[in-house]
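The following note is offered to a student who is meeting this structure for the first time. Please read each point with the structure in view.

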Amino acid sequence: MRKIAFIALLCFSALASAQDQDFAKVQIKVTKVSGNLYMLEGSGGNIAASVGEDGIVIVDDQYAPLADKIAAALKSLGVTDKPVRFVINTHYHGDHTGGNLPFATAGSTVIAQDSVRKRLETGGSAGNGGSLSMDMKAAPKGALPIITFDHDVTVHLNGEDIRALHFPAGHTDGDAIVFFPKANVVHMGDDFVRYGYPFIDVTAGGSVQGMIAACEKVAAVLPADVKVIPGHGQIATLGDVRDYATMLKATSAAVQAALKSGKTVDQMKKDKILAAWDKKYSGDFVTSDVFIETLYNSLTNQKNAEFVKHN
Ligand SMILES: [Zn+2]
């Protein structure tokens with residue numbers, strides 16, 4: 001049940017207020033990934049932190065009630081007394097941006113792709129274009145990124161060239177994957193997760209095609225021994241990213257074949273066309289049926305067929 005609650009929170013996070021989860025019980029676990037690069041786990045998406053002589057840069061910030069604990073965990077490393085100078089958001093979902101307001105209030109500068117700011121500012125709905133749908137409340141002004149970028153941005157601190165690169169139409173339309181070339185680490189945001197079939201926010205411009213493109217691009221250009229921080233789950237390798245992309249392609253092909261043969265979504269569900277992958281990937285939240293809908297909606301959306309691969 002704990003797992004169900006956790007997975008549900010991945011997606012309902014923007015709706016979840018502090019009362020829905022007992023954040024007082026959440027502990028922040030810090031893992032050294034490489035050099036001065038750390039991964040922080042608490043509740044919500046994984047955080048990457050570059051901690052060094054110039055201060056601290058974090059990628060994603062979980063939930064607002066955890067901000068003090070996150071800051072304390074970073075300070076307890078004993079590397080620097082300097083604050084979190086920059087927060088980079090990988091996408092707009094609340095389990096990755098919930099801490100924007102407290103960090104910004106404490107003086108951090110929040111950076112994100114243009115679309116992240118737009119979606120946080122206006123609110124709207126998130127979902128797979130099918131049975132999974134939720135309202136996203138507009139974020140308060142103080143939580144909005146104050147520096148935004150279209151294609152990419154680089155933050156030069158701690159001897160590192162921290163580069164956030166936009167991958168359009170993957171998990172959402174505003175995904176950034178963040179590279180730390182010196183530490184040889186990448187934070188994938190939710191374009192790569194380890195909880196099973198991924199949630200793809202088709203309603204917010206996400207698509208399986210974009211997610212595959214992002215994973216394949218990363219796997220093609222990064223060093224073989226790069227350490228991969230997924231949006232959710234344990235530190236991974238490029239091999240894990242490749243396996244995940246292979247699953248996304250194979251399941252997409254299964255839905256494509258069913259589409260060609262004239263099957264409706266309901267028939268695809270009834271025929272359990274993803275049975276070969278379900279044991280390994282079907283989850284409590286993104287079930288086989290939810291993922292069939294996701295793939296169907298991605299593959300039949302004309303806009304996705306022509307999405308721009310600009311990175
Ligand atoms: Zn997300």
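1. Gly210. The model under discussion is a predicted one. A convenient place to begin is Gly210, which lies in helix α6. Gly210 is buried, because its relative accessible area is 3% and the cut-off for a buried residue is under 20%. Gly210 also shows how the chain brings separate positions together: Gly170 is 40 residues away in sequence, yet the two C-alpha atoms are 4.0 Å apart in space.

2. The zinc ion. Which residues coordinate the zinc ion? The donors are His91 through NE2, His93 through ND1, His171 through NE2 and Asp190 through OD, at 2.2 to 2.5 Å. Along the chain, these donors follow the spacing H-x1-H-x77-H-x18-D. Two of the ligands, His171 and Asp190, link distant parts of the chain, being 19 residues apart. His171 belongs to the loop between β11 (160–167) and β12 (175–180), whereas Asp190 belongs to the loop between β13 (185–187) and α6 (208–221). His171 and Asp190 are both buried.

3. The geometry of the site. The angles among the 4 donor atoms of the zinc ion run from 85 to 175°, and the site is irregular. To count as tetrahedral, four donors must have all their angles between 85 and 135 degrees. The upper value of 175° therefore does not fit that range. For reference, the ideal angle for four tetrahedral donors is 109.5 degrees.

4. Helix α2. Where do the buried residues of α2 lie around its axis? Helix α2 comprises residues 67–75, and its buried residues are Ala67, Ile70, Ala73 and Leu74. They cover an arc of only 125° around the axis, so they are on the same side of α2. Asp68 and Lys75, on the other side of the helix, are exposed. The packing partners of the buried residues of α2 are the strands β1 (29–34), β2 (37–41), β3 (47–52), β4 (55–59) and β5 (84–88), together with helix α4 (100–105).

5. The loop before α2. Two residues in the loop between β4 and α2 deserve attention for their backbone angles. One is Asp60, which lies in that loop and has a positive phi of about 70° although it is not a glycine. Asp60 counts as buried because its relative accessibility is 0%. The other is Gln62, also placed in the loop between β4 and α2. Gln62 is likewise not a glycine, and its phi is positive at about 55°. With a relative accessible area of 1%, Gln62 is buried.

6. The hairpin of β7 and β8. Strand β7 (residues 124–127) runs antiparallel to β8, and 4 bridges join the two. Within this pairing, Ala126 stands opposite Met134 of β8. The hairpin has 5 residues between its strands, and Gly129 takes a positive phi near 80° there. Are the side chains of Met134 and Met136 buried or not buried? The side chains of β8 (residues 133–136) alternate: Met134 and Met136 point to one face and are buried, while Ser133 and Asp135 point to the other face and are not.

7. Strand β6. All of β6 (residues 109–113) is buried, 5 of 5 residues, so the strand is largely enclosed by the rest of the structure. β6 pairs in the parallel sense with β5 over 3 bridges. Phe86 has Thr109 of β6 as its bridge partner. β6 also pairs in the parallel sense with strand β9 (residues 147–149), again over 3 bridges. In this second pairing, Ile111 stands opposite Ile147 of β9.

8. The chain as a whole. The protein chain has 11 helices and 14 strands. Its radius of gyration is 19 Å, close to the 19 Å given by the globule rule for 311 residues, so the chain is as compact as a globular protein of that length. Along the principal axes, the C-alpha atoms fill a box of roughly 60 × 45 × 35 Å. Of the 311 residues, 55% count as buried. Among contacts with a separation of 6 or more, 66% are between residues 24 or more positions apart.

How values were computed
Residues numbered from 1 in each chain as written. Heavy atoms only, no water. Donors = N, O, S within 2.8 Å, 3.2 Å for Na, K, Ca; no water. Tetrahedral: all angles 85-135°; square planar, octahedral: opposite > 155°, others 65-115°. Buried < 20%, exposed > 50% of the residue type's maximum accessible area, 1.4 Å probe, protein only. Arc of directions from axis to C-beta. Contact = heavy atoms within 4.5 Å. Pairing = 2+ DSSP bridges. Rg over C-alpha atoms; globule rule 2.2 N^0.38 Å.
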